[in-house]
Amino acid sequence: MTSVPLSDATSVFAPTALLPDGWANHVLFDLSGEGDIDGVHRGVMEAAIPAGAHRCKGPVIPGMPNLHSHAFQRAMAGLAERSGPSDDSFWTWRQVMYDFVGRLTPEQAQAIAAQLYVEMLKAGYTAVGEFHYLHHGPDGQPYDDLAEMSRRVMAAARHTGIGITQLPVLYGYGGFGAQPAGEGQRRFLNDPERFLRLLEILFQDAAGDPQAQIGFAPHSLRAVTPETLTAVLAGVRSFDSHAPIHIHIAEQLKEVEDCLAWSGRRPVDWLFDNFTVDCHWCLIHATHMTAEETARLADSGAVAGLCPTTEANLGDGLFPAVDYFAQDGAWGIGSDSHISISPVEELRWLEYGQRLIHRGRNLLGPPGEGHSVGAALYGDALFGGAQALGRRIGHLDAGSRADLVVLDPDVPCLLGKEGDLLLDAAVFAGNLNPVRDVMVGGHWVVRDGRHRDEEDVLQGFRAALGL
């Protein structure tokens, strides 16, 4: 991994910064050699700024966690937008995805992930939750290195500088009740014993690396059985009792109907009835919930992983955000299939979707007059995303990772804005990327809108596409 050190490796000065209790002026961050924030000083006068401190040229905010990613899908974005011979849906899109993924080599998967992560960093994402189910060769046989494909993705993260929570996916079946998997799913399949061997390798790889975290992702209730999920959960807890657990759930109405036919219960209810769902879990999508399921999820402390641009692209539906937010449920955002790589667009879609179905405005901010919806959305997504990824990020305070995003004060929609108005404008008022510089774990990876390895990574991506 090529690292670009700070100009002084010890301090960063921001004219204004978003701290855990709000905006502050003239902020000096002391940084450790391990990439943490050691101290935060407010109101630092010019004479007190260390001579070697890096001076940011715009407001500083925490980097955004991207809690749900299928990296390889970035290379197929735009390939499923032509109408088919029958009604198009999530399920017809899935077949296009299976056809695409069936041909990817490890080298191509790494190059695609690197390009994606460069784009994420430039957009202000500083960590990613990689929901990784592409495990084996095209014929379904494991590579000589069982962790080959996971290691490729993690290598892409190390090279580009993004923090990663690698979430190897347990995928064993093609439908509820242990239905056999189809040919398009053969690269994904593992039994519990082999899957736990894979996890053991990855936990060893990530040991001592502050930029890497390992979790576990049962793909969905339709891809596991109660027995396989129980067995792997016990194994994961033996490696790390606090490892993040992510699962796709209730994304499509057909999934809900199939779960009812199999168990007599809806997916979220079934999961809560059969497993202890707590703050270590992240339920991806959870689009189709009853009021009771919504309350159970909000009360559990688990994170709802929302991916509004993908959910719109696939025709999933709209998450019951107004009810869920009113119950103080935790949530974060992900770019999922990567038809868009922009935290601004995810947050905007989240609010606008609720405005359309409720025919109102400013629906997802805190109650009361004068509160900023953009700032509230950004702050809540930071909190939920950090929790879901199991990382010390999402806030700029002593003990957190030094993940800083510098906004560009010259972007037209930000001109003349201060404080929360900056986030309102960034989320709702422009289409230009408002990010100028990005630091991850104490290293500048984006400067003046350019990633440090942008040209080399793009060249690798072109080669992966055969261009």
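## Briefing: a buried strand, a four-strand sheet and the helices around them

All 8 of the 8 residues of strand β8 (residues 163-170) are buried, so this strand is largely enclosed by the rest of the structure. Please keep in mind that this is a predicted model. The notes below begin with β8 and its partner strands, then turn to an open sheet of 4 strands in the order β11-β12-β13-β14, the helices that pack there, a hairpin, and a few individual residues.

**Strand β8 and its surroundings**

- In a regular strand, side chains alternate between the two faces of the sheet.
- In β8 both faces are covered: one side carries Gly163, Thr165, Leu167 and Val169, the other carries Ile164, Gln166, Pro168 and Leu170, and all of these are buried.
- Strand β7 (residues 125-132) runs parallel to β8, and 6 bridges join the two.
- Within that pairing, valine 128 is found opposite isoleucine 164 of β8.
- Helix α3 (residues 148-160) belongs with β7 and β8 to a right-handed β-α-β unit.
- Strand β9 (residues 212-214) is also parallel to β8, with 3 bridges joining them.
- Here threonine 165 has glutamine 213 of β9 opposite.
- A further right-handed β-α-β unit consists of β8, helix α4 (residues 192-206) and β9.
- Strand β10 (residues 217-218) pairs with β8 as well, in the parallel sense and over 2 bridges.
- In this pairing, valine 169 of β8 faces alanine 217 of β10 as its opposite residue.

**The open sheet β11-β12-β13-β14**

- The pairing in this open sheet of 4 strands is parallel, with the order β11-β12-β13-β14.
- β11 and β14 (330-333) are the edge strands, each with a single partner, so one side of each has no neighbour in the sheet.
- From one strand to the next, the twist averages 30°.
- Strand β13 (residues 303-306) pairs with β14 over 4 bridges in the parallel sense.
- Valine 303 is placed opposite alanine 330 in β14.
- Helix α12 packs on the sheet and touches β11, β12, β13 and β14, with its direction at about 95° to that of β14.

**Helix α7**

- Helix α7 (residues 267-274) is mostly covered, with 6 of its 8 residues buried.
- Those buried residues are Pro267, Val268, Asp269, Trp270, Leu271 and Phe272.
- They pack against α5 (226-239), β11 (245-249), α6 (253-263), β12 (281-285) and α8 (291-300).
- The helix lies across β11 and β12, and runs at about 145° to β11.

**Helices α12 and α13**

- The axes of α12 (residues 373-389) and α13 (residues 420-428) come within 7 Å of each other and cross at roughly 85°.
- Angles from 65 to 115 degrees count as roughly perpendicular, and α12 and α13 are therefore roughly perpendicular to each other.
- On the α12 side the contact involves Val373, Gly374, Ala375, Leu377 and Tyr378, which meet Asp420, Leu423, Asp424, Val427 and Phe428 of α13.
- By type, the residues of this contact comprise 7 nonpolar, 1 polar and 2 charged.

**A buried glutamate in α11**

- Glutamate 351 sits in helix α11 (residues 343-358).
- Its relative accessibility is 0%, so glutamate 351 counts as buried.
- Beyond neighbours within four places in sequence, glutamate 351 contacts Arg361, Asn362, Leu363, Leu364, Val373, Leu377 and Phe428.
- Among these, Val373 and Leu377 of α12 and Phe428 of α13 also take part in the contact between those two helices.

**The β2-β3 hairpin**

- Strands β2 (residues 22-31) and β3 (residues 37-41) run antiparallel and are joined by 4 bridges.
- Leucine 28 is opposite histidine 41 in β3.
- The two strands form a hairpin with 5 residues between them, and glycine 35 in the turn has a positive phi of about 90°.

**Positive phi outside glycine**

- Histidine 26, a residue of strand β2, has a positive phi near 55° without being a glycine.
- With a relative accessible area of 40%, histidine 26 is partly exposed.
- Alanine 250 likewise is not a glycine but has a positive phi of about 55°.
- The loop between β11 and α6 holds alanine 250, which counts as buried at 0% relative accessibility.

Note on methods: Residues are numbered from 1 along each chain as its sequence is written. This is a predicted model: local features need pLDDT of at least 70, side-chain atom pairs count only at pLDDT 80 or more; totals for chains, interfaces and linings use all residues. Side-chain values use heavy atoms; hydrogens and water are left out. Buried means under 20% relative accessible area, exposed over 50%, partly exposed in between (1.4 Å probe, protein chains only). Two strands pair if DSSP finds at least two bridges between them. A crossover is right-handed if, with the strands pointing away from the viewer, the path from the first strand over the helix to the second runs clockwise. Axes are lines fitted to C-alpha atoms, for helices over the stretch in contact, and angles run from 0 to 180 degrees between N-to-C directions. Angles under 35 degrees count as roughly parallel, over 145 as roughly antiparallel, 65 to 115 as roughly perpendicular and the rest as oblique. Contact means heavy atoms within 4.5 Å. Ala, Val, Leu, Ile, Met, Phe, Trp, Tyr, Cys and Pro count as nonpolar, Asp, Glu, Lys and Arg as charged, and the others, Gly among them, as polar.
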